[in-house]
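Work through the exercises below with the model open. Try each task before reading its solution.

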Amino acid sequence: MDIKEFTVDQKLRLDKLVAVTEPEISRSQAKAAIEAGQITVDGQTVRPKDVAPVGAVVHIALPDPQPIDLTPENIPLDIVYEDDDVIVVNKPQGMVVHPAPGHPNHTLVNALLYHSPLSQINGELRPGIVHRIDKDTSGLLMVAKNDHAHHSLSEQLHAKTNLREYLAIVHGNFKEDEGVIRAPLGRSPKDRKKQAVVADGRPAVTHFRVLERYGEFTLIACRLETGRTHQIRVHLAYIGHPVAGDPLYGPKKTLKGNGQFLHARELGFKQPTTGEQLDFTCPVPPIFHDTVQRLRRQAGLPVDKAI
């Protein structure tokens, strides 16, 4: 554990103050450490934007860095599409996207590095990764093989011109057939492991439409306008319809599965070099399919149509 302390001698927001006072800690690292509760002021947890009073004591307790293995690994990949610029992969439920403390290897990035060179814009730990989906969310992910492609795909995400649509089984019966959730998201003030709807959070927009109703559960499609951490899971829990099986934002009594019933079914973007529109879909994993069929039978709905 790396422990430091200093006394506040100027009025700056805390993440900037830490970066100025401790040059080896970047502002982004300071922000992450504050949000993780590793930096406190006079023994109290704070927010990155807070301004500590002059004379207060800032305590920094950073864990020792864990070794991260970026060794290419021969792990099977379900590649939906590939060209010289991009790879579209169907990520299985249970696979972590990139190495991080607690998940140093056996990730999607380790598998991709064995298969192909990747862009280096996101640094050594997240090569090629333009956007992420959670460990227990399955489905389509676009990966950049070079920096040119990475810039293009990132710009499309920022401009909201790409398509990202998810299927979710959620608790409860929607009154509406469709709607839009506009609620800013940020770190939960009550639980640092969670995201939450907070007044000073980053703008987040999720569009949803009902596909099938089963009484206690509903099958919906969600289209992302923004891509915040855990966005769909938090937004749906916020309106009273948490994703079934969600261990973090859902109820304990839920559908049995391998985590949340959330699947990235559709992905669309322009090919970085040619500008051609590329659109992809992938089927839900077996446990998702079987659960929908069971819910259909219980609700007296046809089971022979596609999900």
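## Exercise 1: Two aromatic pairs

Task: Decide whether Phe174 and Phe208 are buried or exposed, then classify their ring pair.

Solution. Step 1: Phe174 and Phe208 are both buried (buried is under 20% relative accessible area, exposed over 50%, partly exposed in between; 1.4 Å probe, protein chains only). This is a predicted model, where local features need pLDDT of at least 70, side-chain atom pairs count only at pLDDT 80 or more, and totals for chains, interfaces and linings use all residues. Residues are numbered from 1 along each chain as its sequence is written, and side-chain values use heavy atoms, with hydrogens and water left out.

Step 2: Apply the ring rule. Rings of Phe, Tyr and Trp (its six-membered ring) pair if their centres lie within 6.5 Å; planes under 30 degrees apart are stacked, over 60 edge-to-face, the rest tilted. The count comes to four aromatic pairs. Phe174 and Phe208 are 5.0 Å centre to centre with 40 degrees between the planes, a tilted pair.

Step 3: Place the rings. Phe174 sits in the loop between β8 and β9 (178-182), Phe208 in strand β12, 34 residues apart. Strands (E, at least two residues) and helices (H or I, at least four) are DSSP runs, numbered from the N terminus.

Step 4: Repeat for Phe269 and Phe280. Their centres lie 6.1 Å apart and their planes meet at 40 degrees, so this pair is tilted. Phe269 belongs to strand β14 and Phe280 to strand β15 (residues 277-281). Both are buried. With Tyr81 they form one aromatic cluster.

## Exercise 2: The core around α5

Task: Explain why helix α5 (residues 231-238) is largely enclosed, and tie α5 to the largest nonpolar core.

Solution. Step 1: Six of the eight α5 residues are buried, so the rest of the structure largely encloses this helix. The six are Gln231, Ile232, Arg233, Val234, His235 and Leu236.

Step 2: Find the core. A nonpolar core is a set of buried Ala, Val, Leu, Ile, Met, Phe, Trp, Tyr and Cys residues joined through side-chain atoms within 4.5 Å. The largest has 27 residues; Ile232, Leu236 and Phe174 are among those touching the most other members. Elements giving two or more residues to this core include α5, β12 (205-213) and β14 (262-270).

Step 3: List contacts (heavy atoms within 4.5 Å). Not counting residues up to four places away in sequence, Phe174 touches Leu236, Ile239 and His241, among others.

Step 4: Leave the helix. Just after α5, Gly240 has a positive phi of about 90 degrees.
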